[in-house]
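Let's take a walk through this one together. Have the fold open beside you as we go.

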Amino acid sequence: MPLSMALLNALRAVRRYPSPLSTSKSWLSTKASLLGDQNILLMGAPGAGKTTVGRIVARRLGLPVIDVDDDVLEAEWKMPVAAKLAAVGGERFLEEEGQALCNFSASGCVVSLTGSNPLHAAAMRRLKESGLVVYLDVDGEDILQRLGAMKVNRIVGQEAGASVRDILLRRKPFYEKWLDVRVLCGRGAAAEEVAEKVLEAVERYGDRDADTFVSTRSAGAASSGPKTRFGDVVIEGLAADGGLYVPKRGFPKMDAPEWLRLVDMSYPERALVLLEKCIHPSEVSASDLRTMVFKAYGSNFSSEAVAPVKHLHRNQYVQELFHGPTASFKDLALQLMPQLFAHCLPQMCNYLVLVATSGDTGSAVLDGFARLDADAARRTGVLVFFPEDGVNETQKLQMTSHGGGDDNARAVGVPSDFDFCQRSVKRMFGASGLTGHLAVEHGTVLSTANSINWARLLPQVVYHCSAYLDLCRDGVVAFGDPVDVCVPSGNFGNAMSAVYAKRMGVPIRTVICASNHNRVLADFFATGEYDLRGRRLEPSRSPAIDILKSSNLERFVHHVSDGDGRVVAELFGGLDARRHFRAAEPLLRRMRREARAGWCSEGECLAAVRSVHAQTGYLMDPHTAVAKVVADELQDGSCPVVLAATAHYGKFAPAAFEALRIQNAPEDPAEQLRRLGATAAAPRPHGGVTACLEESAGGQRGRGHATCQADYGALVEEVERMIQDSFLKVV
Ligand SMILES: *Cc1c(COP(=O)(O)O)cnc(C)c1O
């Protein structure tokens, strides 16, 4: 068999380096043994440094090194690779190269692939079976420079006259397809540095326990129980002790050269690189993650930029987070979260996600779950309860346009308030008789998708990073310059994800939290006292931030107390028990160093919508306007500030008419949108909202939607009916 001869030659040529530092020997052997007898396969473009880096990595680990070019191909062909390419031409070269590797059988080596190996599927499958494919993701300009300096003339495709730039572009998808782990190389990074990163990446890959999670309320040391992994936190949502899950090791930090690599990337590319760093590949493989991310942030967003940043005026920018299918920023999380959820589901069970919503969450959850592919949808359903008179007409139509008979996503109106819906859902989770019955009789587990779920928070980190990268790309800041972000805050998810973006290394100076007159957060930052006693929810024009208990705040307190679970348990346990807690002065100081908070009245909110429209033609939704007012008050103008535009004005049209003082606003929601669209220079009308309203106006209105009595038993019946319709179909 010709290949084993070649391989024998290769292995004879292997250079075994003694480990350089005897003191770190145990460390070295741990790293090497992490992968057992698997190979470490370095993949990348020609000129990416695979050979050089491979040698360093092999020496550090005390492993043999195989250079596919020299040790396999030249040994087999008995001629230089360049000569072979010149002799047979590109196409035949690729085939012969692939053939030569189809029986590859080395183990426990560091293998430097050729730049063209990934173009031959059969060979690459074989190689991948033998170990871990590490992609040296080197900037294209670096590659061009190096190849120019090396006067390289043996790249497949070059002989046919294609430019190296084109060849690199065409190959990138192949590298992206095969990688197990990515090593993102800053421009001009030295081989030693890249090798160090390879070692780190291999170590993380081999250690499933590298990225585990703990509860915000756990006391740290006593973590002898089973490890909680990404899949567990996505499915469980809340930790058993009532706390919220956070990554045990914190967030991975990226350095400036790495961030700069992301500047020229598209939104899904940025999302992929960032999420790869935050989700362990043993939980979601790089290729699965890629599929999910590109599905989540594709044509379902009406802006190709997904979350574009627009200049508003002076030092203020808005990040438009409303281009998703349901026109609120919840889509950024919920176009991805259901896919992660379906991926992490244990086999053999059906999952019914129960949601109580006061507006934007409902439609975003329904849309996200309804897009699951048939396989996942067969096992996953979502049932949304909304207060029949507690959401606006547009939100209601968005929710009820989902859910025909056997849909896996359904919304039911309840003639009561949000609180009743919320309480009933919570009661079902606590009712062991019910959950036991559903599990035994129907093989169905109840789950939730609320904003404390890690898989909802994590995707939000990406858009804060992306906003800063956009400002770099557009020359507003140079990387390292500070910016502030200002977000309308309810459950503090948006704010918390900005804090995490900062942790990852984005130079965010201050996260400004904006409340409406339901200002429990602003009061907390001002006094250190979180006090729900005697506080009542007052309806507002920005209903998505009408909130009393800001659930993700617990993660923030965990963060600023350096992960002190006892402090968190004491404070938030106190909130559950006594509706009140007070943060100690040192904690408060640290909170204020990271974030500030303010609030705005209804009058100020409307005035801001009106004046921004008058000055710039831009029409903000009331939530965005709350952020604008608070930024005007708290931000000092010394650096740019990004306002989170969390909803499209079309979702809250009546408030827009009121703010703009337009008399005789049309009754019909679709007509309202047309009027506002003609008034606003920007942003453009939201296609999804418009289509939803026009469809319902075009005859289907009055078709009605499912409702049920405001009675716990009736809600339970809805759950059972949904399970029967979705999961008990005979296939
Ligand atoms: C949900 C929502 C918010 C609040 O976001 P949190 O992350 O809970 O603070 C703000 N604006 C809009 C439009 C929303 O739908």
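What follows goes from the cores to a helix pair and then to a hairpin.

Bear in mind that this is a predicted model. A good place to start is the inside. The largest nonpolar core has 116 residues, and if you're looking for its hubs, Phe230, Tyr297 and Phe556 have the most contacts inside it. Helix H22, residues 454–473, supplies the largest share of this core, with 13 residues. There's also a second core, separate from that one, with 60 residues, among them Leu61, Leu168, Ala195 and Ala201.

Now zoom in on one of those hubs. What does tyrosine 297 touch, once you leave aside its neighbours within four places in sequence? Its contacts are Tyr267, Pro268, Ala271, Val306, Leu332, Leu336 and Pro459.

Back to H22, this time with a partner. Its axis and that of helix H23 (residues 493–503) come within 8 Å and cross at roughly 60°. Angles from 65 to 115 degrees would count as roughly perpendicular, so at this angle H22 is oblique to H23. The crossing is right-handed. On the H22 side, the contact involves Trp454, Leu457, Gln460, Val461, Tyr463, His464 and Cys465; H23 brings Gly493, Asn494, Met496, Ser497, Ala498, Tyr500 and Ala501.

Last stop, a bit of strand. E8 (residues 309–313) and E9 (residues 316–320) run antiparallel and are joined by four bridges. Valine 309 sits opposite glutamine 319 of E9. Together E8 and E9 make a hairpin with two residues between them, and in that turn arginine 314 has a positive phi of about 45°.

Technical notes:
Residues numbered from 1 in each chain as written. Predicted model: local features only at pLDDT ≥ 70, side-chain atom pairs only at ≥ 80, totals over all residues. Heavy atoms only, no water. Core = buried A, V, L, I, M, F, W, Y, C linked by side-chain atoms within 4.5 Å. Buried < 20%, exposed > 50% of the residue type's maximum accessible area, 1.4 Å probe, protein only. Contact = heavy atoms within 4.5 Å. Pairing = 2+ DSSP bridges. Axes fitted to C-alpha atoms, helices over the stretch in contact; angles between N-to-C directions. Parallel < 35°, antiparallel > 145°, perpendicular 65-115°, else oblique. Left-handed = near helix turned anticlockwise from the far one by under 90°.
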